[in-house]
Amino acid sequence: MGFLKRRRPAGLPIDWREQAATSVTWFDPMVADEQERIGELAQRFLTEKDWEAANGFALTDEIRLTISLQAALLVLGLTFDHYRMVKTIIVHPTTMVWRGERAGPVPGLRTDAPLSLLGQAAHAGGPVVIAWDEARRNARHPEHGHDVVLHELAHKLDMLDHVVDGTPPLDTQAEHDRWVQVCTAEFEAIRGGDNGDLLWDYAGQDPGEFFAVATEVFFDRPQDLRAHNADLYDILSSFYRQDPAAIT
Ligand SMILES: [Zn+2]
C-alpha cells in the first residue's frame, strides 16, 4: 500500500487559501475559524449552484472561486440556506449592454437607449448575472465601495420574503420598524441630493437598490459607513451578524 492521494471533494481548488489571499482583500485579515467557515460556504456555493458562461466565454477556477468567496462573505454570519433564491449564476466577460425597449426616465415614455448593466438579479428565481471584469476588480479594490457580487446577492436576500422592497426578512416587528425608519431617512437624503458620495446615487433609485448599494458599502467601506450613518451601519451589522468596521 502506497500513500493514497486524498481527493478533495470537487469544488474548491486545493490551493484555494492562497488564491483567496490574492483575489479578495478581506480574506487574509480574518481569523482561522472564519476562514474555515468561508471555505465551507464557498465550497457549497461553488458546487450546489448552477454556473453558466455567456456565449463565447469560458468559466475558470479563478472566476468561480472569486465569486463564491464573495458569496461566502455576505452570509458568513447567516446560513447557506439564505441563498435558497439563488439557482444559477451567469457570468459575462464584461459589462452587458441591454438594448431592449423599457420604461424610460420620463414617466410614460419608453426608451430603447442602450443600458449598461454590471449585473442583474431582478427576478425571483431568475439567474444572478455578473460581469466578471467588474467582479474581479471590485474584489481587489474595496476602497471604491462597489461590489457587483455583493450587490446582486443582496437582492436575492431581499427577495427571501418575496418582495424586493429593501427590507430582508427580520426577526421582530421592532427590528422591522427601526429598519424602515433608518433606511427611509438615508434614502430620502440621497434623493435630496445632499448626502455626500459614499452611497452612490443609484441607491436613490428605489428601496431595493438602496439595500443592495448599502450592502456594498457596509462590506467594502465599513468604517466610512459607520462614520457617515451609525444607525445604518448598526442595522446592517445586526442583519448580517458581522461587524466589519471592527476588523479592518
Ligand atoms: Zn441592483
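Lysine 87 touches Lys49, Asp50 and Gly125 when residues up to four places away in sequence are not counted. In this predicted model, lysine 87 sits in the loop that runs between α3 (61-74) and β2 (88-92). The residue is partly exposed, as its relative accessible area is 45%. Proline 127 offers a further spatial reference for this loop: the C-alpha atoms of lysine 87 and proline 127 are 6.4 Å apart, although 40 residues separate the two in sequence.

A contrasting environment is found at isoleucine 130, a residue of strand β8 (residues 128-131). Isoleucine 130 has a relative accessible area of 1%, and it is therefore buried, the limit being under 20%. Its C-alpha lies 8.3 Å from that of threonine 94, a residue 36 places away in sequence.

Turning to the chain as a whole, the fold contains 10 helices and eight strands. Of the 248 residues in the chain, 46% are buried. The chain exposes about 13000 Å², and 51% of this area is supplied by carbon and sulfur atoms. Contacts across the sequence are well represented: when residues at least 6 apart are considered, 60% of the contacts join residues at least 24 apart.

The interior can be described through its largest nonpolar core, which has 68 residues. Phe45, Tyr83 and Tyr240 are the residues with the most contacts inside this core. Both domains take part, with at least three residues drawn from each of domain 1 (14-149) and domain 2 (165-248). Tyrosine 240 gives a good view of the packing. Leaving aside neighbours within four places in sequence, tyrosine 240 is in contact with Leu74, Gly77 and Leu78, with Ala154 and Leu157, and with Phe211, Thr215, Phe218 and Phe219.

The residue that follows is worth a look as well. Arginine 241 is placed in the loop between α9 (230-240) and α10 (244-247). Its phi is positive, at about 55 degrees, although arginine 241 is not a glycine. With a relative accessibility of 54%, arginine 241 counts as exposed, because the threshold for that class is over 50%.

The metal site comes next. A zinc ion is coordinated by NE2 of His151, NE2 of His155 and two OE atoms of Glu209, at 2.1 to 2.7 Å. Along the chain, these donors follow the spacing H-x3-H-x53-E. The site thereby links distant parts of the chain: histidine 151 belongs to helix α5 (residues 148-158) and glutamate 209 to helix α7 (residues 207-220), with their positions 58 residues apart in the numbering. Histidine 151 and glutamate 209 are both buried. The geometry around the zinc ion is irregular, because the four donor atoms subtend angles of 53 to 144 degrees. A tetrahedral assignment would require all angles to lie between 85 and 135 degrees. For reference, the ideal angle for four tetrahedral donors is 109.5 degrees.

Two further residues help to describe the loop between α5 and α6 (173-191), one of them being histidine 162. Histidine 162 has a positive phi, near 70 degrees, in a residue other than glycine. Its relative accessibility of 65% means that histidine 162 counts as exposed. Valine 163 is also placed in the loop between α5 and α6. Valine 163 is partly exposed, with 42% relative accessible area. Across the sequence, valine 163 can be paired with glycine 208: the two are 45 residues apart along the chain and 9.1 Å apart in space, from C-alpha to C-alpha.

Technical notes:
Residues numbered from 1 in each chain as written. Predicted model: local features only at pLDDT ≥ 70, side-chain atom pairs only at ≥ 80, totals over all residues. Heavy atoms only, no water. Donors = N, O, S within 2.8 Å, 3.2 Å for Na, K, Ca; no water. Tetrahedral: all angles 85-135°; square planar, octahedral: opposite > 155°, others 65-115°. Helix = DSSP H or I, 4+ residues; strand = E, 2+ residues; numbered from the N terminus. Buried < 20%, exposed > 50% of the residue type's maximum accessible area, 1.4 Å probe, protein only. Core = buried A, V, L, I, M, F, W, Y, C linked by side-chain atoms within 4.5 Å. Domains from an automatic or database assignment. Contact = heavy atoms within 4.5 Å. Areas by Shrake-Rupley, 256 points an atom, 1.4 Å probe, with all protein chains shown as cover.
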